[in-house]
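Visitor: I am new to reading protein models. Could you take me through this one?

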Amino acid sequence: MEKSLCIRRVTSKDMNTLADFNTAMALETENRLLDKDITLKGAAALLENPAYGFYLMAEYNGEVAGSLMVTYEWSDWRNKLYWWVQSVYIKPEFRRKGIFRAMYESLTEQAKEAGNVCGLRLYVEKENKRAQTTYAELGMTPSHYLMYETDL
């Protein structure tokens with residue numbers, strides 16, 4: 001039986017799935033418990049405000065397998081946008097099956113077609129060596145920037 005993989009933009013019907021994915025990812029990667037209601041509202045806010053970004057979802061044989069979020073950063077140096085890949089989550093039973101690779105390749109094509117995107121960026125936990133290996137295999141390279149933040 002042939003396996004089918006579909007990469008699509010998220011719709012309002014996907015909000016609960018996104019909230020579930022975000023809470024699962026936070027627990028898995030940072031041992032952090034998120035309030036599902038807040039993540040649900042956060043996902044819905046992005047969908048209601050396309051200027052913030054968008055989500056992609058992967059379906060494998062009709063079953064939701066993973067998602068990622070893209071947000072925008074304007075580069076005045078390049079007069080174009082960076083697309084930041086965030087909130088990447090692939091359900092455990094679908095990992096190592098090429099799901100993220102397919103999503104990344106679809107995203108890369110969409111960025112090229114958009115015409116106003118100068119690059120893709122993402123951040124990854126320092127200890128998440130498996131993800132770092134995946135990103136390197138896709139041709140991504142570590143940035144020379146360090147990230148700093150202030151929580152408010």
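Visitor: How many disulfides does the structure hold?

Guide: Keep in mind that this is a predicted model. A disulfide is a covalent bond between the sulfur atoms of two cysteines. To count here, the two sulfur atoms must lie within 2.5 Å. The number of disulfides in the structure is 0.

Visitor: Is Cys-6 buried, partly exposed or exposed?

Guide: Buried means under 20% relative accessible area, and exposed means over 50%. Cys-6 has a value of 35%, so Cys-6 is partly exposed.

Visitor: And what about Thr-71, buried or exposed?

Guide: Thr-71 sits in strand β3, which runs over residues 63-75. The cut-off for buried is under 20%. Thr-71 has a relative accessibility of 16%, so Thr-71 is buried.

Visitor: Which side chain does the side chain of Thr-71 join in a polar contact?

Guide: Leave aside neighbours within four places in sequence, and Thr-71 is in contact with residues including Tyr-82, Trp-84 and Gln-86. One polar contact between side chains spans 2.3 Å. The partner of Thr-71 in this contact is Gln-86.

Visitor: Which element gives the largest share of the largest nonpolar core?

Guide: In soluble globular proteins, nonpolar side chains tend to be buried together. Here the largest nonpolar core has 25 residues, and Leu-68 and Trp-83 are among those with the most contacts inside it. Elements giving two or more residues to this core include β3, β4 and α3. The largest share, 6 residues, comes from α3.

Visitor: How many residues are in the other core, with Leu-18 and Phe-21?

Guide: This other core lies apart from the largest one. Leu-46 and Tyr-55 are also among its members. Its number of residues is 13.

Note on methods: Residues are numbered from 1 along each chain as its sequence is written. This is a predicted model: local features need pLDDT of at least 70, side-chain atom pairs count only at pLDDT 80 or more; totals for chains, interfaces and linings use all residues. Side-chain values use heavy atoms; hydrogens and water are left out. Buried means under 20% relative accessible area, exposed over 50%, partly exposed in between (1.4 Å probe, protein chains only). Helices (H or I, at least four residues) and strands (E, at least two) are DSSP runs, numbered from the N terminus. A polar contact is a pair of N or O atoms within 3.5 Å; within protein, one must be able to donate a hydrogen and the other to accept it, and residues adjacent in sequence count only if both atoms are side-chain atoms. Contact means heavy atoms within 4.5 Å. A nonpolar core is a set of buried Ala, Val, Leu, Ile, Met, Phe, Trp, Tyr and Cys residues joined through side-chain atoms within 4.5 Å.
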